[in-house]
Structures are given as structure tokens and as C-alpha cells.
Protein chains: 2
Amino acid sequence: MAANTQKKTRDADATRARILAAAKKEFAKSGLGGARVDEIADRAKANKRMIYHYFGNKEDLFRIVLEEAYTDIREAEQKLELEHLPAREALEKLIRFTWDYYLKNPEFITLVNSENLHKARHLKKSEKIDELFRRFVGMVGGLLERGVQEGVFRPGIDPVQLNITIAAIGYYYLTNRFTGSIVFKRDLMAPEALDERLAFNIETIMRLVCINP
Amino acid sequence: MAANTQKKTRDADATRARILAAAKKEFAKSGLGGARVDEIADRAKANKRMIYHYFGNKEDLFRIVLEEAYTDIREAEQKLELEHLPAREALEKLIRFTWDYYLKNPEFITLVNSENLHKARHLKKSEKIDELFRRFVGMVGGLLERGVQEGVFRPGIDPVQLNITIAAIGYYYLTNRFTGSIVFKRDLMAPEALDERLAFNIETIMRLVCINP
DNA sequence: CAAAGAAGTAACCAGTTAGTGCGTTAAGTG
DNA sequence: CACTTAACGCACTAACTGGTTACTTCTTTG
């Protein structure tokens, strides 16, 4: 039997994976400082000792969770294959993707927030991240150039600024949805509200980038 | 003597104020969960008992710090007196103000992030907030209407969406400056980078709102 | 000036938390 | 089957943390 599919009483990989999933939830819910190692162990139905066995300590566990989160979103982005679409459509697809991803993976936002509260000290130690983002920035840069050649995008737009802006208008809305709903006396998470926001975001970026928006 | 200005060995108001200032710093630095009451007491050069005497408990202290932070930014906004400017200039002034305020008061962003991590449960209990924001949303709504009448703004823009977007493009850049600087291999906090970002933000909003951007 | 009340302090407590020492049990291997 | 290796679990601890008790000192006021 090449791959063992039957449930084993002992399975290092499965335990490791359960711990990682539990850690992601707990860190996302409470932040690095607020997360409890015992809680992670309980959620993972693993013994706390195993966490230290596989991951060393709480901080290293957090770093690995974070690396995985970044890897996941970039992998999903790769699958969009924006190169095969006209620039304008590709840009809109990227905006929609970013929004949908944040919406379906709320832990991502909370993890990044937590990492920034700690001045990115875990990401600094990471070696996997560099490579990951080189490709990403390159992709958006290429998209912008292609749009200019097609005669639909304005020239001279900085891909980094555009990237940040596309992320910002979705990220901020979602990360601040709780205070926002109180402050603006509106349920920002109602389905219509979400649709409305996505439409507004597409309009914002299209007007910024396109010659004829 | 009506107002006592000389330094007293005992001064309830001064101690209260020192505790609040220290709490704001500590909460901003470490979040609600990571903040330490002992650390707040040390920073404030007050005895820990005083914190409980004046503020009840850690959560209430956080709520009051948060209320104060919101009050401060709204008060600063009021002083802009945007009503006395042409709509277009008023809008640009609002964008600049928002950016500058976040830049000069980084605790504000961190406090709001922390509150959202806790699903805004402190803000929900607050009674002072409602009034504060009614006026603010009204102001931006009025600005938009005025711009339409002046023939410079597009009609039909939702003031809440615009508000959120103006905040988002500054807030996201600054709150994620640590991971951003690594990911984009650029010092996002260099003076030129900050100027560049502000200019980009103004362009983004002007293209979104104005008829002739 | 004496009494009362408020400001301020030190020491402490009970519960919690990240991290470990050490023994047990299952899975692979010859 | 015996033996080694690695997964797993219990029970512990040293340090920490929010909150409190019991007390002292200063300021105000009748």
C-alpha cells in the first residue's frame, strides 16, 4: 500500500496538521498575545507537549502559521492566470479575488494585523517569504504594462501603490467591520452591503487606472 | 485661589491623566490582551491600586482610552471647518488631514485594530460615541452635496463608502507598514515614500469623486 | 486644630500561563 | 518476536497577572 488512508492511532503528519489548523484559528481569534497554547492543544485534540515537540515554542508556531497563510493566498493568486485575459478584465478579476479571499479567509487579516502589532518580527526571520512576493509584484507590474500597451490603462502608475490600494479598500472595510457597523449605524456584513462595497471598490480602482473608466 | 497651578504632592486629576496617557501607550503597543496593568502603573508613575480606584478594571480603562481616542480625532476634524472652502479643496483637505492624523497619532490605529479584534465589545457599551459620529457622517454627506451643486463632483456617491475609502487607503498603508516594508522591499516610512503615498491617495479619491479630475 | 475623607502605598492572593521532565505505548524493522 | 524509534500523555513548575486587603499620609474644612 503506497499511501495509507486508514485511520491510524498514531500519525505525526495528521497531528502536526491539526495543530497548525487549531493554531491558525486561535491566533486569528485572539492575536499572538491573547492566544493560549492550552487552547490550541485542546482544539487540535493533541497534547500540549506535541506542540513543543513539533514547533519548538509559541512564537515559532506563530511564524509558521503566518508563513502558511501568506503561501496560501499567493498560491490562490497564481491560479488566477491573469496573463490570459485582457488587461482590464484581468484587473477586475484581481480586485474581485482579493475581496473574496479576505471575505472567505478572515483569519488572514487578523494574522497580518497581529504580525504588524509586533512590528513584523516573525516575518523578518522568515526565509520563505522573499521569493513569494517577488513574483506577485512582478505580476501586477506586468499587468499594468500590458494595459498601457492595449491603450486602456494610464501610464506611469506604480504597481506597489496600486497593489496596496487594492488590498486597502477591501482589507480596511473587513478588519474594521465591527467598529464600522457601530459608527456608521449600518450592518456592513449584510449581503447587499458586501455587494455594494465590492462594486464601489471596482469603480474606485477602474477610475484610478483606466483611461475610459 | 480658583485654579491651583503649583505642583501638589497629591493631585487626583493629574494622576488620572497620567494613568490615561500611560494606558493609551501600553494598549497601543501591546493590544488589550498583551497590555500589562503593572506596566501601565509604572509608566504613569502611579500605584497600581490607583488604576482600579479611578477606572474600575482593565476593560473599563481600555474603553475609556478608546472613547478618548475617538473624541480626539473627531474634535480635530471639527476644527477643519470644511464648510468654508470650495468642495474640491475641502475634500483634498480632508484627505490630507486623515493621513496626517494617522501619521502623527499611530496609537489611534492600533487601538481601533485591537477593538476590532474584540468585535467592538467596548464600543458597544459606550454611550458617548453615537453623537460623535452622527455629525461626522453628516459633514461628509454635506460636502458631497455641495460639490454636486458646484458642478465639480459626480452625483450619487454614498458618503459612507467614500468615508471608508478615504480612511482605508491611509490606514492600511500605515497599519501594515511593517509587513509591507518587507513584502515590497521598500521602506514605506521614508519621508519620500510618505509624500508619494499621500499624493497617490489624493489622486485616487479625486478620480473617484470629481467630474474633471 | 481636630476630624474626616481622599490620595497613595506595599504586600499579597488566587488563578493562569508557557514551557518541561519523564514515563508509556504504538509502529516500523531485521 | 525482540528491539529500536518516534508518537504521545501526565503531572508539574516557575514566573506572571489582574485584582484586593489593610494600612499610611496628606489635604481640606467646620
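Reader: Which helix gives the most to the surface near DNA strand D?
Author: Helix 3 of chain A gives the most, with 4 residues. A residue is near a strand if one of its heavy atoms lies within 4 Å of it, and helices (H or I, at least four residues) and strands (E, at least two) are DSSP runs, numbered from the N terminus.

Reader: What kind of model is this, and how are residues and chains numbered or lettered?
Author: This is a predicted model: local features need pLDDT of at least 70, side-chain atom pairs count only at pLDDT 80 or more, and totals for chains, interfaces and linings use all residues. Residues are numbered from 1 along each chain as its sequence is written, chains are lettered from A and ligands numbered from 1 in the order in which they are written, and side-chain values use heavy atoms, with hydrogens and water left out.

Reader: Back to strand D, then. Which residues come nearest to DNA strand D?
Author: There are 19 residues around DNA strand D, and R10(A), T9(B), R36(B), K48(B) and R49(B) come nearest. Of the atoms of DNA strand D that come within 4 Å of the protein, 55% are accounted for by sugar and phosphate.

Reader: Which elements supply at least two residues each to that surface near DNA strand D?
Author: Helix 1 (12-34) and helix 3 (48-55) of chain A each do, and so does helix 3 (48-55) of chain B.

Reader: Which atom of DNA strand D is 2.7 Å from the side chain of R10(A)?
Author: A base nitrogen of DNA strand D is 2.7 Å from an N or O atom in that side chain. This is a polar contact, a pair of N or O atoms within 3.5 Å; within protein, one must be able to donate a hydrogen and the other to accept it, and residues adjacent in sequence count only if both atoms are side-chain atoms.

Reader: And what lies 2.7 Å from R36(B), and 2.9 Å from K58(B)?
Author: In R36(B), a polar side-chain atom lies 2.7 Å from a phosphate oxygen of DNA strand D. For K58(B), the distance from a polar side-chain atom to a phosphate oxygen of that strand is 2.9 Å.

Reader: Let us turn to the other strand. Which residues come nearest to DNA strand C?
Author: T9(A), R10(A), R36(A), K48(A) and R10(B) come nearest, out of 19 residues around DNA strand C. Sugar or phosphate makes up 53% of the atoms of this strand within 4 Å of the protein, and bases make up the rest.

Reader: How far is a phosphate oxygen of DNA strand C from A35(A), R36(A) and D11(B)?
Author: A polar backbone atom of A35(A) is 3.0 Å from a phosphate oxygen of DNA strand C. A polar side-chain atom of R36(A) lies 2.7 Å from a phosphate oxygen of the strand, and a backbone N or O atom of D11(B) lies 3.2 Å from one. Two or more residues of the surface near DNA strand C come from each of helix 3 of chain A, helix 1 (12-34) of chain B and helix 3 of chain B. The largest share, 4 residues, is that of helix 3 of chain B.

Reader: How are chain A and chain B superposed?
Author: A rotation of 180° with 0.0 Å of shift along its axis places chain B on chain A, with an RMSD of 0.0 Å. The two copies are thus related as by a two-fold rotation axis. The same surface serves both copies, since 100% of the contact residues of chain B recur in chain A; contact means heavy atoms within 4.5 Å. The superposition is by least squares on the C-alpha atoms of residues with pLDDT of at least 70 in both copies.

Reader: How many helices and strands are there in chain A?
Author: Chain A has 11 helices and 0 strands. Its C-alpha atoms fill a box of roughly 60 × 50 × 35 Å along the principal axes. Of its 213 residues, 52% are buried, that is, under 20% relative accessible area, with exposed being over 50% and partly exposed in between (1.4 Å probe, protein chains only).

Reader: Is K24(B) buried or exposed?
Author: K24(B) counts as buried because its relative accessibility is 17%. This residue lies in helix 1 of chain B. Beyond its neighbours within four places in sequence, K24(B) is in contact with V65(B), E68(B), D72(B), E107(B) and L111(B).

Reader: And what is T175(A) in contact with?
Author: Leaving aside neighbours within four places in sequence, T175(A) is in contact with I109(A), N113(A) and N116(B). T175(A) lies in helix 9 of chain A and is buried, at 8% relative accessible area.
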